[in-house]
Amino acid sequence: MPEFIAEPVAHDEAIAFLAGKPAVSRRVFDILLPELKARAFVISGVESATVRQTVRDAIAELGGTSADWDAARAHIVAQLAPWLGARAPYRAELLMRWHGYQAYAAANHRALTELADVFPYQRYITVGDGRVRDSHRKLNNKIFPADHPFWKRHTPPWEPGCRCDKVGVTHDDYERIRRDDARRKLENRWILNEAQLDKARHGTLDLGDGRPIDIRTPSEKGKPPGMEWEAGDFTLPVDALRARYDADIWAEFEGGARRERIDDGRTVWEWLTGERATAAPKKKAARKRARKAAAKVPKEIRSYLRLMANAGLTAEKEWTGDMVRAFNAKLKRRNRGGAKIDEKLGELAGRGLGDVTPDEFRWAMGEVLAMLPPGVSARLPKLAAATVDIGPPGAYGDYDPGAQRIRINAGLLSGHAGELRGRYHRQTMFHELMHWVHMGDPEGGYRDAVKAHFEARTKGERLRAKGRTKYYEDEWYDWYAGAVYRFEGRAPSGLEVPTRYFQLHADPDAMADTFNKLSPAQRAKFLETHAEAMRIFFEPPTKA
């Protein structure tokens, strides 16, 4: 039987244990008992055993510097991208934080336990930002005895996504804090009294303000069993695990464990009991297979993901206008040497109104051409444009692919005042110019990719209507991205997907505001579609 560590583990042992976590499919993960889920490695949506093992190994080898973190994250994103697309950066961050931090927490717990005579107390700390759960935030700076039962279930990370930590407190520090607490209100004190410690033992944090905080773990609240881990109990002997469950529950688990296999070929039962040992796959071969899998991701999407990450534009971060401006600037540097405005702009008519002028249109066209790869801008047809008070009622602009002409409705746009005027007219120009890029490119690869994405996103959905516009609602950041037109017949191609997502680059602050208002799930969807909309800007250079 393998040694299932029943005591806190040192740093090297914790990392080794992380590297030894069995990589499993989602189906196998679902049959595991909660205690074992914390000791397994799963990536929902990834069916490749090679990718799961490679990602696990990369996290286990993670060093302690930001450079190590960034390099590992880029490597993991490359493995996940074939399966998860634009969600890969968000999932990579989640996996690294949960599994990597769990190994660190085990090592930290052992160190504090071994030095209990030096650190007889431990203090709970959070990262202090706006993403901390309320129950975790209320625990910030609260001090418990090192041997208090609280730490068994609440040593971070004790819920998915938990980024909290604990630090040791010496006896001298404890006495100093006690003196400081005498000047604090009861609810703000760091040291808990005996009554408060007793309530914490049973899942309630009572700060004396009449608003008790529920600090029970998800399983203690009766929620469906998830990943359970207890500090100092990083692994369990099989007999101890069996003793926790009724006979019928254990029998059901054992039956599934004897049938289902983990990625290295053993059954779950063989992994748990050590009845049969199998050599782990060689890392070199695993990484070679992982690189092969990553190569299935289109080069354009891989390049997009790298540049987005370099600019800090990832799903888990709050965006700023400066981040978007940095992305735009990096994209221009990457694609320098393309077509000039005068090579692609023919007649530019109209005197314009307010800020909506021919000069503004020349600026917008120059920006778009500077972002495009030289090969793409060279293929695009020459364009005519007009900034005049014309156009369909309510339309800010239009693009005629037959005449290769853009009209910007200066009359309508100039009706907006101040900041809104600038926001609307520049986004409109980028929007219409993206129609030119999307529909004017004589090579159809980009159009086909956008259409395939649109069909996948809207499959099975019911067509809706807003005024005279038909659209598929899906989960676009803006409903208009799902618009379909009568002339498309029964084969809509997502004509407003590239335009609606690219136009935000005309106003970096608006793009950041739009993204930050989305939920985590909506952010993942946004990045997935943004990647498809932007892929033409990452077309590899044509070989001479």
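Me: For helix α6, residues 88-114, what span should I expect, and how far apart are the end C-alpha atoms?

Reply: The general idea is to allow 1.5 Å a residue and compare that with the end-to-end distance. In this predicted model, the 27 residues of α6 should span 39 Å, and the end C-alpha atoms are 39 Å apart, so the two agree.

Me: Is α6 largely enclosed by the rest of the structure or not, and how many of its residues are buried?

Reply: Count residues under 20% relative accessible area. For α6 that gives 20 of 27, so the helix is largely enclosed by the rest of the structure. Across the 544 residues of the protein, 49% count as buried.

Me: Now a helix pair. At what angle do the axes of α15 and α16 cross?

Reply: Look at the axis distance and the angle together. Helix α15 (residues 299-310) and helix α16 (residues 321-334) have axes that come within 9 Å and cross at roughly 135°. That angle makes α15 oblique to α16. As for handedness, the crossing is right-handed.

Me: Which residues meet there?

Reply: From α15 you get S303, L307, M308 and N310; on the α16 side they meet F327, K330, L331 and R334. Sorted by class, this contact has four nonpolar, two polar and two charged residues.

Me: Why would residues three or four places apart point the same way?

Reply: Because an α-helix has 3.6 residues a turn.

Me: Zooming out, how many helices and strands are there?

Reply: The protein has 25 helices and 12 strands. For the contacts, take pairs at least 6 apart in sequence: 65% of those join residues at least 24 apart.

Key: Residues are numbered from 1 along each chain as its sequence is written. This is a predicted model: local features need pLDDT of at least 70, side-chain atom pairs count only at pLDDT 80 or more; totals for chains, interfaces and linings use all residues. Side-chain values use heavy atoms; hydrogens and water are left out. Helices (H or I, at least four residues) and strands (E, at least two) are DSSP runs, numbered from the N terminus. The expected span of a helix is 1.5 Å times one less than its number of residues. Buried means under 20% relative accessible area, exposed over 50%, partly exposed in between (1.4 Å probe, protein chains only). Axes are lines fitted to C-alpha atoms, for helices over the stretch in contact, and angles run from 0 to 180 degrees between N-to-C directions. Angles under 35 degrees count as roughly parallel, over 145 as roughly antiparallel, 65 to 115 as roughly perpendicular and the rest as oblique. A crossing is left-handed if the near helix is turned anticlockwise from the far one by less than a right angle, and right-handed if clockwise. Contact means heavy atoms within 4.5 Å. Ala, Val, Leu, Ile, Met, Phe, Trp, Tyr, Cys and Pro count as nonpolar, Asp, Glu, Lys and Arg as charged, and the others, Gly among them, as polar.
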